[in-house]
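Me: I'd like a close look at one part of this model: the helices that pack into the core, and how the rest of the fold hangs around them. Can you walk me through it in one go?

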Amino acid sequence: MRSLRSVAVLGVLLLAALPSSAEVTKGVLAIKGAQMS
Amino acid sequence: MARDAIARLYDVDAKSVMLTPLAKDLPKNGYPPGQIVFDAKKGNSINLDRMAESIAATRLSGGTNMGMDYLEITARGEVLARDKDLVLKVSGTGQEFVLADDPSAKDAVQRLRQALGGSAKEASVTGRVQGWNGRFPDVLKAWSKPAADQKRTLALTSFEIKKE
C-alpha cells in the first residue's frame, strides 16, 4: 500500500511539471543551401 | 543537416519535418534555397534555444557559407502591453518576445494593440524571429550570446485573439 501511495504522489508531481498547453507550435526555416534530392 | 537537427528535438514531431527545395536549378553561388517546415508534438512547445543548440552541434556552426533567410514561428501565449512594447509571453518555456512590425504587415502591431483593448489576452501570433537571417555560424553565435540589453523580437505578420 505504501509503494502504491508513493507511485501516486510521483505521478501527481510529474503531471504538475508537464506544460499545460502547446506554446511555439509551428516553425518554417527558410534556408540557402538546401540539398536537392 | 538543419532538417535532421530540428527533427531530433524532443519537442518536435519528427514526422512533420519536411525540407522543400524552392529552386529547380542550382544557383550560381551553389546554395539552392529551401524551406524546412516543422510542428511541435501535441502538447509540447518548440524551444528556440534548444533548436539553435541542436543546429550548432552540426558543422553548420562553422566553416560553411550556408545560411538562412528567416525563421517564422507560430506561437500561442499571453500578449500584454509593457511600457511602449507589446510582449508575447510563451508560458512554460520562459521565452518572451517583443512584437514588432513586419514590412509585409505594417499595421499588425497596431491592430493587435487595439484588439487587446488595454488588457492582457491569450493569442496566437505568427511572425519572423529577428536575428535568424544570415550565415548559419553567425546567426547561431549571435543567438547563443545575445547582448545584455537585447530583446528577443518577433516581426508580427498575423495574429488571432483567443475567444473567451
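What follows is a walk from one helix outwards to the core, the strands and a few loops.

Reply: Sure. Keep in mind that this is a predicted model.

Let's start with helix H2 of chain B, residues 48-56. Just ahead of the helix sits a nice local detail: a side-chain oxygen of Asn47(B) comes to within 2.9 Å of the backbone nitrogen of Asp49(B), at the start of H2(B). Further along, Leu48(B), Met51(B), Ala52(B), Ser54(B) and Ile55(B) are the buried ones. Those residues share one side of H2(B), because the arc they cover around the axis is only 160°. The general rule behind that pattern is that an α-helix has 3.6 residues a turn, so positions three or four places apart point the same way.

Now pick out Ile55(B) from that buried set. Not counting neighbours within four places in sequence, Ile55(B) is in contact with Leu29(A), Ala5(B), Ile6(B), Leu60(B), Trp132(B), Phe136(B) and Leu140(B). Part of that list crosses over to chain A, by way of Leu29(A). Two other names on it, Phe136(B) and Leu140(B), take us to the next helix.

That helix is H4 of chain B, residues 136-144, where Phe136(B), Pro137(B), Val139(B), Leu140(B) and Trp143(B) are buried. These residues also lie on a single side of their helix, since they span an arc of only 165° around the axis of H4(B). What do they pack against? In chain A, the partner is strand E1 (24-32). Within chain B, the buried residues of H4(B) pack against H1, H2, strand E3 (67-82), strand E6 (121-129) and strand E7 (134-135).

Step back to the nonpolar core. The largest one holds 44 residues, and the members that touch the most others are Leu29(A), Phe38(B), Met51(B), Ile55(B) and Trp132(B). The largest share of this core comes from E3(B), with five residues. Met51(B) and Ile55(B) belong to the buried set of H2(B), while Leu29(A) and Trp132(B) are both contacts of Ile55(B).

As for the chain that supplies Leu29(A), chain A has 37 residues, and 27% of them are buried. Its secondary structure amounts to one helix and one strand. Its accessible surface is about 2700 Å², with 67% of that on carbon and sulfur atoms.

Phe38(B) leads us to a polar spot. Ser16(B) touches Val37(B), Phe38(B) and Asp39(B), leaving aside neighbours within four places in sequence. Ser16(B) belongs to the loop between helix H1 (2-7) and strand E1 (18-21) of chain B. Despite being in a loop, Ser16(B) counts as buried, at 14% relative accessibility. Its side chain reaches the backbone oxygen of Asp13(B) at 2.6 Å.

Strand E6 of chain B, one of the elements that H4(B) packs against, is where you find Thr126(B). With a relative accessible area of 15%, Thr126(B) is buried, and its side chain makes a polar contact of 3.0 Å with the side chain of Thr74(B). Beyond four places in sequence, Thr126(B) is in contact with Glu72(B), Ile73(B) and Thr74(B), and also with Ala155(B), Leu156(B), Thr157(B) and Ser158(B).

Leu156(B) comes up again in the strand pairing: it is the bridge partner, in E8(B), of Asp101(B). Strands E5(B) and E8(B) (residues 153-161) pair in the parallel sense over four bridges. E5(B), residues 95-101, is also joined by five bridges to E4(B), residues 85-90, and that pair runs antiparallel. Lys89(B) is found opposite Glu96(B) in E5(B).

Within E5(B) you can also look at Val98(B), which is buried at a relative accessible area of 14%. Past four places in sequence, Val98(B) touches Asp85(B) and Leu86(B), along with Lys151(B), Arg152(B), Thr153(B) and Leu154(B).

Finally, check the loop between E3 and E4 of chain B, which holds Asp83(B) and Lys84(B). Asp83(B) is exposed, with a relative accessible area of 77%, and Lys84(B) is exposed too, at 75%. If you're scanning backbone torsions, note that Asp83(B) has a positive phi of about 55° although it isn't a glycine.

Methods: Residues numbered from 1 in each chain as written. Chains lettered and ligands numbered in written order. Predicted model: local features only at pLDDT ≥ 70, side-chain atom pairs only at ≥ 80, totals over all residues. Heavy atoms only, no water. Buried < 20%, exposed > 50% of the residue type's maximum accessible area, 1.4 Å probe, protein only. Helix = DSSP H or I, 4+ residues; strand = E, 2+ residues; numbered from the N terminus. Arc of directions from axis to C-beta. Polar contact = N/O pair within 3.5 Å; in protein donor to acceptor, adjacent residues only side chain to side chain. Contact = heavy atoms within 4.5 Å. Areas by Shrake-Rupley, 256 points an atom, 1.4 Å probe, with all protein chains shown as cover. Pairing = 2+ DSSP bridges. Core = buried A, V, L, I, M, F, W, Y, C linked by side-chain atoms within 4.5 Å.
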